[in-house]
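Q: Please show how charged side chains are to be read in a structural model.

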Amino acid sequence: MTRGRVLSVASECVPLIKTGGLADVAGALPAAMAAEGWDMRVLLPGYRGLSARLVAPVVIWQDPDLFGGAARVLGGAVDGLRVLLLDAPHLFDRPGGPYSADGKDHPDNPERFAALCWAAAALARGGGSDGWRPDILHAHDWQGGLAPAYLRYGEPAPVRSVMTIHNVAFQGIAPAAARAALRLPAAAFTSEGVEYYGNISTLKAGLVCADRITTVSPTYAEELMRPEFGLGLEGVLAARAADLSGILNGVDMAVWSPETDPEIVPYSARDLTGKAVNRARLIAEFGLGEVPGPLAIVVSRLTGQKGIDILDRALGGFVAAGGGLALLGSGDPALEAAMRAAAARWPGRVAVRIGYDEALSHRMFAGGDAVLVPSRFEPCGLTQMYGLRYGTIPLVAATGGLNDSVVGATPASLAARAATGVTFHPVDEIALAGALRRLVALHADRKAWKAIIGRAMKVDVGWGGPAKAYSSLYESLLA
Ligand code: ADP
Ligand code: GLC
């Protein structure tokens with residue numbers, strides 16, 4: 001028996017399209033929620049080439065003029081995932097990524113994602129010809145923010161809504177003059193509505209209009225109510241504190257398990273022999289020399305959020321103490337250049353791959369001794385959890401979801417056999433350099449190191465717990 005139907009509205013979703021962790025979460029939630037008895041389907045923009053990947057597509061909704069052109073929603077499946085694709089060529093059939101091309105945002109992004117939300121609201125009102133009407137609409141980030149707003153300002157519908165913040169730094173800003181074009185009534189343009197410092201924010205629209213708000217970790221839920229983290233939305237969120245909760249993301253165990261990962265020499269907590277082979281292969285693949293201390297990895301977007309500049313400044317002491325670094329990432333050209341320069345400075349000990357490579361990232365988690373996540377803020381973060389799974393000890397800034405998923409090594413937590421990683425705070429190069437020194441010392445203590453690997457690999461980072469939390473949230477909305 002299903003407990004209810006949920007329409008998840010997202011701008012990216014594994015296995016169809018990914019730029020970051022949102023895609024992993026949107027792609028993993030439906031199966032996790034199915035285990036709890038929920039029928040969840042994902043509504044996604046039909047970016048170029050995606051509709052050809054739907055198995056048995058059926059047209060379930062049409063609109064001759066959706067923000068400037070004809071559109072339809074195709075229902076179908078991909079790898080067992082139930083997907084609804086918004087096929088609107090004038091908005092989505094174009095070169096480039098989901099949000100930008102050649103480093104520039106698509107100029108019509110407000111209309112593109114408004115269209116996604118308009119279709120979501122129509123389906124939530126029962127507009128789909130397949131008879132499937134959701135009980136709950138679950139919108140993600142600014143791209144989904146207008147869906148709860150269209151429900152509030154349009155015809156009433158017997159549907160409840162949840163807005164999840166994956167990253168408050170992206171707020172979906174559009175000029176006030178776009179209001180009518182975005183199909184928002186004049187009455188919505190107030191400080192209690194979609195107005196945000198004289199503009200429109202589609203994220204704020206979702207935050208004020210949704211029945212409940214979640215974010216992807218308990219710590220980030222609290223941080224968001226402070227100006228340093230809320231980035232302008234702290235007041236809006238504080239006003240809704242009673243409806244705001246943090247639910248930590250999970251990891252897809254089918255994809256991230258060292259026992260079964262096809263990319264690596266398999267290993268387990270009981271037998272780590274394979275991990276040593278993976279380490280040697282990783283060193284060879286990156287062209288590194290001998291690394292006597294911990295071999296650290298970084299797999300990340302290279303942006304200010306991720307603290308890569310802080311790492312750059314703290315790296316010297318780590319290398320001098322015997323550490324090595326293999327980094328995979330892309331993003332800000334200045335950070336890419338800084339990391340290339342670090343590799344040139346310490347050949348044999350620091351190596352960098354600029355790019356995006358899912359398979360290589362698996363080999364890195366298997367072969368590394370530690371994974372570094374020195375983020376200035378991190379709503380949840382997934383790579384520290386992959387690190388736990390692979391016994392690749394996370395060294396993380398004590399912020400957001402990093403703070404909620406890693407128990408930092410201290411004399412007390414080591415004595416209590418609770419530590420699963422190394423944490424530092426505040427997020428600056430002095431604290432990071434200290435954490436790297438503690439990592440080197442921990443790694444040199446063979447007994448302590450083996451124990452921490454064993455504990456890390458036992459941490460339950462699967463979707464079971466988070467799915468139960470979403471399930472109770474949905475239940476509370478339908479009660
Ligand atoms: P964010 O969503 O802020 O980028 P997360 O840690 O939540 O951070 O998710 C990032 C996801 O993208 C992880 O699955 C990570 O492994 C992956 N990833 C990031 N950069 C790369 C890269 N260059 N190559 C392969 N995977 C990457
Ligand atoms: C965002 C956040 C990241 C989080 C991901 C999935 O991209 O930056 O911390 O893990 O969303 O929720």
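A: A residue is buried when its relative accessible area is under 20%, exposed when it is over 50%, and partly exposed in between (1.4 Å probe, protein chains only). A salt bridge is a side-chain nitrogen of Lys or Arg within 4 Å of a carboxyl oxygen of Asp or Glu. Lys and Arg count as positive, Asp and Glu as negative, while His and the chain ends are not counted. The model is predicted: local features need pLDDT of at least 70, side-chain atom pairs count only at pLDDT 80 or more, and totals for chains, interfaces and linings use all residues. Side-chain values use heavy atoms, without hydrogens and water, and residues are numbered from 1 along each chain.

Q: Which side chain of opposite charge is nearest to Arg455?

A: Asp445 is the nearest, at 10 Å, and the buried Arg455 has no salt bridge. Arg455 belongs to helix α18 (residues 446–458); helices are DSSP runs of H or I with at least four residues, numbered from the N terminus. Leaving aside residues up to four places away in sequence, Arg455 touches Leu414, Arg417, Ala418, Ala419 and Thr420, contact being heavy atoms within 4.5 Å.

Q: How many salt bridges are there?

A: The count is 19. One of them joins Arg313 to Glu429, with 2.7 Å from N to O. Arg313 sits in helix α11 (residues 308–320) and Glu429 in helix α17 (residues 429–444), so this pair ties together parts 116 residues apart in sequence.

Q: Are Asp108 and Arg94 buried or exposed?

A: Both Asp108 and Arg94 are buried, and their side chains form a salt bridge of 2.8 Å, N to O.

Key:
Chains lettered and ligands numbered in written order. Helix = DSSP H or I, 4+ residues; strand = E, 2+ residues; numbered from the N terminus.
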